[in-house]
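I opened the notebook to record how strands pair and how helices pack in this model. The entries below follow the order in which I looked things up.

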Amino acid sequence: MSSAGQALLASWSIPPWTTFAILVTAAVYARGWRRLRRLHSSLLPGWRLACFLAGLASLWLAIASPLDAFDAFLLTAHMVQHLLLILVAPPLILLGSPAIPLLRGLPRSAARDALGPFLRWPWLGRASRALTHPAFCWLVAALALIGWHVPAAYDLALGSLGWHEVEHACFFGSSVLFWWPVIQPWPSAPQWPRWTVPVYLLLGGIVNTVIGAFLCFSGRLLYPAYAAVPRLFGLSAMNDQVAAGALMWAFGSFVFLGAGTLVTFQLLSPAPENLEPISQNAVWTAAETHRAGGRFDLLKAPLLGAFLRARHGRRILQGILLVLALAVLADGFLGPSMAPMNLAGVLPWTYARAFAVIALLAAGNFFCMACPFTLPRELARCLGLATRNWPHWLRSKWLAAALLAGFFWAYEALSLWNSPAATAWIVAAYFLGAFTVDAFFRGASFCKYVCPIGQFSFIASTVSPLEVRVRRREVCTRCATQDCFRGNERQRGCELRLYLPQKSGSMDCTFCLDCVKACPHDNIGILAFAPVHDLARDPKRSSVGRFRDRLDIAALALVMVFGAFAGAAAMVGPFTAWKEYWVERLHLVSAFPFTSLFFVAALIVAPLIVVGGSAAAGRWATRIPRSLRQLFCRFAVALVPLGLAMWVSHLLFHLSTGWRTAWPVLGQAGIDLGVGWLGQPHWAMSHPLLAAGTLLDAQLLILDAGLILTLYAGWRAAQAFAPRVSAALRLLAPWAVAVWALYASGVWILLQPMQMRGMMMR
Amino acid sequence: MSGRAIVRYPESSRAFSRLREKADRETGREGMPRKFRGRVKALGLAMLFAAILVPASLRADGGVVCLRKASGPFVITVFTGSAELRAGPADVSVMVENRVSREIVLDDDVLLCLQSTGPGGRVLEFRATRQQATNKLLKSAIVDLPAAGEWKLTVLVRRGAEKAIVSTHLQVAPPLPRLAAIWPFLVLPVLAMMVFAANQALRQR
């Protein structure tokens, strides 16, 4: 093949968001199809799945393949792209009868609570009736086809990315409508008799034929933009236009007439395809029965579930992190003092933090599951000294909240990120602290009351969709031994004193899976729930109680949330300039006092004013008989999704910019520690994982998600305090304004130039 | 065929069903054909997914030709990402053809030089490569236009001993405010709030 041909085939332009959306749609459809398929093998045969996936694939091909890169050079390529969007993707997608499988493939809450009210909305019914009327469908498709082939409109689309997208959206959307009455996807019913369909297709084919013929026989170049670009493959602009017209004419006629012929055969056939014999009500009833526990259970997932359930599954994860922690310790104390060249400067700050918060947002508290700092506990137990209970006066989150705030302050004020030795000291202190606390006190006192990383993970995991939970409550009511809590001769029970039948959410849960292994009924799983479901309500949780009564948990949440904004703000350009200005103006020796004051203001003063003030204002506006403390606590915890989103957005930046730092740092560490097989490090300017535009898009989307989830959690909290809608709105309004202000500050921070940490700048 | 099943989602509780029946009575939908109900809901869902899939994400080559000129042994065509250039990052692509055979030249080096035509004009250089181009027949570079005004773009093409230079003037408009680039992300939460409000209102009916 010629080099030009190879270049042509290499010209793929994969749009990340569209690709992601197509993959998600395919996954949802496949899940729903599989569920329905289990009920009745002939309900949705395999060819429908194949059609739907082929439709999505052709849609993706139209927008990601070299066709897209060459549509500005060749009208023929552009025509093939349009034919995929008009004649291939829409009918294939509709042949998949997508409505029911997609509905069944969605999580139950999304289908019932989010979509349900809209699907039952009479106005939508009337609009849909009008939209699917065959006359309307035909007219819209014809207008779109004719309108976009008018030279002025076509040139507009060629010269503007935005209009080009609108053009493609018009073709695809109008074609879905056009093919709707033809295919009549299950379970819709026709508005016109079936015999009209061949006529309908014939009329559609006439429009297509007229345009194709006009392109072929007009005798002049209709789209001058193609004359201005270099001509590829020796094809003149006029010949290109004729070829595109012929393609449209021939392929369009083949599809329209072929579909008309098939429908005619179907009409004449004595045994048409019929899904009716299966009662849909029976389908749903059977589906309900067949749900087998319903929720996704990670422990039942192939391979991963078995690994997690295995006796030493957690130990393997901890062992891996222990090796890394020891490497960090060794390199931190003995390696180069330059943070980007040292494992202690890169692994914890660039990678571990980012992966931990991404896991918290997307799944659950898997950092605590793999935490190596709890391994010394096992060693400490051998000493037999752990006979005391953790002091009553320390059984709260106050100590941990203070340690977490202190850690956020120290990170910036003492530049921990830039000091491998300090990082190594922190890791060493962690091992020593965990060993000391758990050597003298029963249970997992260090995890529950001391560890600031653990507390961060606990409070953040209230947003996570995965939760260690009992599968069937009725099994627990019959259980007399309560092994999950008390343990048995084989396996200890929950050391954090969480009684699984009353456990709700992931607060204080380290995902250690001791309860899973102790349960004799195999009744505990890692189940999926809607994100923030734990914040949307406030039941009495085992060993935690209600959030509205826990001022210490509220303080922890506020430190985590405001720490996200303060930590990110402290490394953007304007803050640095501001800091330097005040240091110079006040004749300070260093920025230490300024940074310290900033963190006191950000982590203590601002939360009190923002959340306390908004809760007080809401209480005053509604005059509800609830204490300010309860409102404060509930609204403080409801901010967690926004805080976690800010953490993820911020740390995603560092992960993306320092993505390729790990390997040369590992090589350097290997050389420092006398391990040569990792090879010589190749220090070079790190390429980011995500392009700048894509990264900002992702950050803003994550922040948007955090805002939406926070507002939802706040709304549910307000409803719990003030059941009437008007009162709930008055209660929520001041707090919602504060949340929007926090979100705006997050957007501002993300738009500022940020220090690139943990990467080489050579 | 019964479309009622779509309305009656299997997990729907008794209260959920009662709410629906009440809504049906109040809106007079009891007499509506069941098959029709199924169809409209199916269409609603399909359109929702179509709306998610298509409009926000389709990409196209919206490049426009800003220069096409023969020079030395080559014909050089320069494309810009949009007709109206603005200060900030801009996509500039170059296609080089053999002047005689009109074959696309792929093994050449392309350098872009931008010079401000104002007093004390700065000179910026960018190397255009195939790696940065979506269309691998082109060489592209993301050039950072630091300020609005008139800029002279010079394209230097070299293949072995063969060289060619073409130049043109670009009018660069002031950059759009940052908010103009990110407004869809700011509107998204507002839309979500409106949809949620509608959801809650419909549930109250």
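I looked first at strand 1 and strand 2 (residues 74-80) of chain B, which pair in the antiparallel sense over seven bridges; strands count as paired if DSSP finds at least two bridges between them. Helices (H or I, at least four residues) and strands (E, at least two) are DSSP runs, numbered from the N terminus. Within strand 2 of chain B, I found B:Ile76 opposite B:Lys69.

I noted that this is a predicted model, in which local features need pLDDT of at least 70 and side-chain atom pairs count only at pLDDT 80 or more, while totals for chains, interfaces and linings use all residues. Residues are numbered from 1 along each chain as its sequence is written, and chains are lettered from A and ligands numbered from 1 in the order in which they are written.

I then traced the open sheet of chain B, where four strands follow the order 1-2-4-7 with antiparallel pairing. Its edges are strand 1 (64-71) and strand 7 (139-145) of chain B, each of which pairs on one side only.

For chain B as a whole, I listed four helices and nine strands, running α-α-α-β-β-β-β-β-β-β-β-β-α from the N terminus on.

In chain A, I looked up helix 12 (residues 196-217) and helix 14 (residues 237-268), which pack at an angle of about 170 degrees with their axes 8 Å apart. Axes are lines fitted to C-alpha atoms, for helices over the stretch in contact, and angles run from 0 to 180 degrees between N-to-C directions.
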